[in-house]
Amino acid sequence: MPLPDLGFKTTAGGAHASRTIMLAELGLLLDACPEEASQADYRHAVVELNCLGKRSGSTRALTWGHLVDLYGISPELLVFRGMRWFWARDVQAQPLLALCAALARDGLLSSVAPHVWAAPKGSTVTRDSVETFMAARFPERFSPATLKSVAQNINASLTQSGHLSGRVRKLREQAMPTPASVAYALLLGHASGARGPALFQTRFMKAQDVPVAACIDLAEEAARKGWIEFKRVADVMEVAFPRQIRPAEEVMIRGQA
């Protein structure tokens, strides 16, 4: 069971009722603040300094709230701190880093995204198909207007992450994982209690959109870069994150077993 103290959220709802993963806003915020910034520093950058270029104070505060909902935006939360650690070290990974962090905190996105990933590459993914899936998955939970809004937002988020393309007609594309995005997926899986081969079956790893063998290759590359520790002999796998996980957090994670 993922631990809230590490930044995971297990509620059924999520920011996608009204927003996407807000990749552009997240990038501007992280560019505006150093890696060691506190949550108060991030909030100051958004609300007081208007680093996101919003027109009014109320819009700045609302945007800040959505970013916190999606990412935590606190160095005290492993989900955010781990994403932030990899963010500047592998720029190409940023879309998948953001998506994986949101998957850890947004129940709507986590429930619906695999339906989109299941579509064949090159096929059309319609908003109606996502609405139909949601209506069956959550019977009588959403109004037609909310179904439409959530489906649009999730499709937009998966466009930002590279799983879809197009403005109106959405086509299923191949996302582009990197050593950092796979390492972060391993981090989230480990923090969620996955061990061994199960680390490559989590929703975070499935978001990488490539076969397990390719993910293992990228994990090994991340280890060669010194970002994580990863050892594999056949199906026996060991992974550690001394640069990202604090000792007290590792105690919590180990205590999940």
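Reader: Where is the place of Phe-8?

Author: Happy to start there, with the reminder that this is a predicted model. Helix H1 spans 23-32. The place of Phe-8 is in the segment before helix H1.

Reader: Is Phe-8 buried or exposed?

Author: Buried means under 20% relative accessible area. Phe-8 has 3% relative accessibility, so Phe-8 counts as buried.

Reader: And Arg-167, is that residue buried or exposed?

Author: Let's place Arg-167 before judging it: this residue is found in the loop between strand S1 (164-165) and strand S2 (171-172). The cut-off for exposed is over 50%. At 82% relative accessibility, Arg-167 therefore counts as exposed.

Reader: Which residues line the largest pocket, and how many of them are charged?

Author: Good one, since Arg-167 turns up here too. The lining consists of Thr-124, Val-125, Thr-126, Arg-127, Gln-152, Asn-155, Arg-167, Val-168, Arg-169 and Lys-170. About 160 Å³ of space lies in this pocket. By class, its lining has 2 nonpolar and 4 polar residues, and the number of charged ones is 4.

Reader: How many residues of helix H4 are buried?

Author: H4 covers residues 78-87. The buried residues include Phe-80, Trp-85, Phe-86 and Trp-87, and also Arg-81 and Arg-84. H4 is largely enclosed by the rest of the structure, because the buried count is 10 of the 10.

Reader: Which helices do the buried residues of H4 pack against?

Author: Try tracing these partners along the chain in the structure above. The buried residues of H4 pack against H1, then helix H2 (39-48) and helix H3 (57-71). Further along come helix H5 (94-105), helix H9 (179-191) and helix H12 (247-254). The full set is H1, H2, H3, H5, H9 and H12.

Reader: Which residues is Met-83 in contact with, leaving aside its neighbours within four places in sequence?

Author: Met-83 is one of the buried residues of H4. In the largest nonpolar core, which has 85 residues, Met-83 is among those with the most contacts, along with Leu-29, Tyr-71, Tyr-184, Leu-186 and Phe-200. With those sequence neighbours left aside, Met-83 is in contact with Leu-26, Leu-30, Tyr-71, Leu-78, Leu-97, Ala-98, Ala-101 and Tyr-184.

Reader: Which residue in the turn between S3 and S4 has a positive phi?

Author: Strand S3 (residues 229-233) and strand S4 (residues 236-240) pair in the antiparallel sense over 5 bridges. Val-233 stands opposite Val-236 in S4. The two strands form a hairpin with 2 residues between them, and the turn residue with a positive phi, about 55°, is Ala-234.

Note on methods
Residues numbered from 1 in each chain as written. Predicted model: local features only at pLDDT ≥ 70, side-chain atom pairs only at ≥ 80, totals over all residues. Heavy atoms only, no water. Core = buried A, V, L, I, M, F, W, Y, C linked by side-chain atoms within 4.5 Å. Buried < 20%, exposed > 50% of the residue type's maximum accessible area, 1.4 Å probe, protein only. Contact = heavy atoms within 4.5 Å. 1 Å grid on protein atoms, 1.4 Å probe; cavity = no way out; pocket = protein on both sides within 12 Å on 5 of 7 lines; lining within 4 Å. Points joined across faces, edges and corners; volume = space filled by probe spheres on them. Nonpolar A, V, L, I, M, F, W, Y, C, P; charged D, E, K, R; others polar. Helix = DSSP H or I, 4+ residues; strand = E, 2+ residues; numbered from the N terminus. Pairing = 2+ DSSP bridges.
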